[in-house]
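Subject: The model you asked about

Hello,

Here is the structure to open on your side. My notes on what turned up in it follow right below, so you can click along as you read.

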Amino acid sequence: MKVKQRIPLKIKKMGINGEGIGFYKKTLVFVPGALKGEEVYCQVTRVQRNFIEAKLLTINKRSKFRVEAPCEIYDSCGGCQIMHLHYNKQLEFKEDLLRQALKKFAPVGYENYEIRPTIGMQEPLYYRAKLQFQTRKYKDEVKAGLYAQNSHYLVSLKNCLVQDKVTQQIINKVARLLSKYRLPIYDERKTAGVRTVMIRRARKTGQVQMIFVTGRKLDFSPVVRDLVAEFPELETVAVNYHTSKSSEIYGDKTEIIWGEKAIQEGVLDYEFSLSPRAFYQLNPEQTEVLYGEAVKALDVTEEDHLIDAYCGVGTIGFAFAKRVKSLRGMDIIPEAIEDAKRNAKRMGFDNTLYEAGTAEEIIPRWYAEGYRADALIVDPPRTGLDDKLLETIVRYAPEKMVYVSCNVSTLARDLVKLSRVYDVHYIQSVDMFPHTARTEAVVKLSKRESSRSS
């Protein structure tokens, strides 16, 4: 096989990135944009020892589930991968993602896991309440958007169909103001300018906060003045200083330059504060569903002591606070822990304790001090559970556990170790990211009888 060679292909299934997969002379071929069941003609773009990547040229036999993506820049942006697939079939695909990942890593008994149908959205558009757009200057115009897949080319996003409309309006205005007031903009040679803008809107209150990420101190006052005049819902403007050339989004130092320290958000039956750097789910509407599923899966009692690892500002743990004897949480971001403490105090919870640090260090210390957890909830980043935390969980093994995952691959990998001491009752996927090849999952686990007696 050679690059630029053109080949016919039958698409047998879809892969973890939403691409079509077929076999040409027993060699695996990945074709972005192709759907299961289609017969296509494609051109080889990359040849590896075990697989080939190819570009879709023509579709000779179309899938009946193929739809026209309503986004004008769908092909160039790369932010969504499966908008050309009927939404109901997207939900089925996300179940299949879980099955593929489980088959690859093969945790104990995975063939018998109950995989529940993915819970989707009624209106799967304009759901992202937070954006993190890069900024770049082209001639005299500042553009804000995302990099095209596998490139350093910035795709300007002015009307993203999955982005909250208010945050989109604000970032459009920000780009115009950065041009108008000639603020320096980051490029690969000069790290001193504005490189990223984060904007988040609370679904419950409508309040908005934003962060300018920059390589040095800049005067944002005219930009902020104009933004506040046009968008009264803007509550907080912060600056984060990122002086290195690393691909990390944020640097270590963040300061509020205008407005309040936090905005107010709500989920289920409680409200909480979010500081600019605090983590919260991107899709507030589906977060209601996700947290509701977590509450069902953990099934706590009034006598239970609960640990919320990766607690952030306390959001998911607060769903349980009224239902348990004690709730403890930890996070590596000190500002998030301060938010968690303030949130708990404001809600009148006197059974909570929060500490800044890693779970793998804090949990053993709590146990050494005599604390024992009956239940555990983990909601890690896409990288999954830290190896040391996995060892800690397996060692102390609370009776019941819920794993909330945003990455099916790292979930399946982590279940290999967790399934040594836990039974997996079911996995409930929740579509937090419509039109993308990502899904969120809630896993209900309980300690095995054999582990209980050992």
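Asp226 is buried, with a relative accessible area of 18%. Its side chain meets that of Arg225 in a salt bridge, with N and O 3.3 Å apart. Lys180 belongs to the picture as well: Lys180, Arg225 and Asp226 are linked in a network of salt bridges. Please keep in mind that this is a predicted model, and that the values here are computed from it.

**Other salt bridges**

The count for the structure comes to 21 salt bridges. Side chains of opposite charge can pair when their charged atoms come close. Two further pairs are worth a click.

Asp304 forms a salt bridge with Lys400, and the closest N and O atoms are 2.9 Å apart. This pair links distant parts of the chain, 96 residues apart: Asp304 sits in the loop between H5 and S16, while Lys400 is in strand S20 (residues 400-405). Are these two partners buried or exposed? Asp304 counts as buried at 7% relative accessibility, and Lys400 is buried too, at 18%.

Arg365 and Glu355 also meet through their side chains, with a distance of 2.5 Å from N to O. Here Arg365 belongs to helix H8 (residues 359-368) and Glu355 to strand S18 (residues 352-356), and the two are 10 residues apart. Both ends of this bridge are partly exposed: Arg365 has a relative accessibility of 34%, and Glu355 has a relative accessible area of 21%.

**A buried acid without a salt bridge**

Now have a look at Glu265, which lies in strand S14 (residues 263-267). Which side chain of opposite charge is nearest to Glu265, and how far away is it? That is Arg203, at 6.8 Å, and Glu265 is buried yet has no salt bridge. The cut-off for a salt bridge is 4 Å between a side-chain nitrogen of Lys or Arg and a carboxyl oxygen of Asp or Glu, so the pair does not qualify. What the side chain of Glu265 does reach is the backbone nitrogen of Arg203, at 2.8 Å. Leaving out residues up to four places away in sequence, Glu265 touches Arg201, Ala202, Arg203, Lys204, Tyr270, Glu271, Phe272, Leu274, Tyr280 and Pro284.

**Cysteines**

How many disulfides does a search of the whole structure find? The answer is 0. A disulfide is a covalent bond between the sulfur atoms of two cysteines. For Cys80, the closest cysteine sulfur is that of Cys160, and at 6.1 Å it is too far for a bond. Cys160 is likewise in no disulfide, with the sulfur of Cys80 as its nearest cysteine sulfur. Cys80 is buried, with a relative accessible area of 13%, and Cys160 counts as buried at 17%.

Cys406 deserves its own paragraph, as the unreviewed UniProt entry annotates Cys406 as "active site". Where is Cys406 found? Its place is the loop between S20 and helix H10 (408-418). With 12% relative accessibility, Cys406 counts as buried. Apart from its neighbours within four places in sequence, Cys406 is in contact with Pro380, Pro381, Arg382, Arg438, Thr439 and Glu440. Strand S20, on one side of that loop, is also where Lys400 from the bridge with Asp304 sits.

**The start of the chain and two backbone angles**

The same unreviewed UniProt entry type gives residues 1-58 the annotation "domain: TRAM". In the model, that span is 0% helix and 62% strand, and its end C-alpha atoms lie 19 Å apart.

Most residues other than glycine have a negative phi, and most peptide bonds are trans. Lys4 has a positive phi of about 80° although it is not a glycine. Lys4 is placed in the segment before strand S1 (6-14), and it is exposed, with a relative accessible area of 64%. Asp299 has a positive phi as well, near 50°. Its place is the loop between helix H5 (284-298) and strand S16 (305-309), the loop that also holds Asp304.

Happy to go through any of these spots together.

Best wishes

Conventions. Residues are numbered from 1 along each chain as its sequence is written. This is a predicted model: local features need pLDDT of at least 70, side-chain atom pairs count only at pLDDT 80 or more; totals for chains, interfaces and linings use all residues. Side-chain values use heavy atoms; hydrogens and water are left out. Helices (H or I, at least four residues) and strands (E, at least two) are DSSP runs, numbered from the N terminus. Buried means under 20% relative accessible area, exposed over 50%, partly exposed in between (1.4 Å probe, protein chains only). Lys and Arg count as positive and Asp and Glu as negative; His and the chain ends are not counted. A polar contact is a pair of N or O atoms within 3.5 Å; within protein, one must be able to donate a hydrogen and the other to accept it, and residues adjacent in sequence count only if both atoms are side-chain atoms. Contact means heavy atoms within 4.5 Å. UniProt positions are given in the numbering used here, feature names are shortened, and annotations may be inferred rather than shown by experiment. A disulfide is a pair of cysteine sulfur atoms within 2.5 Å.
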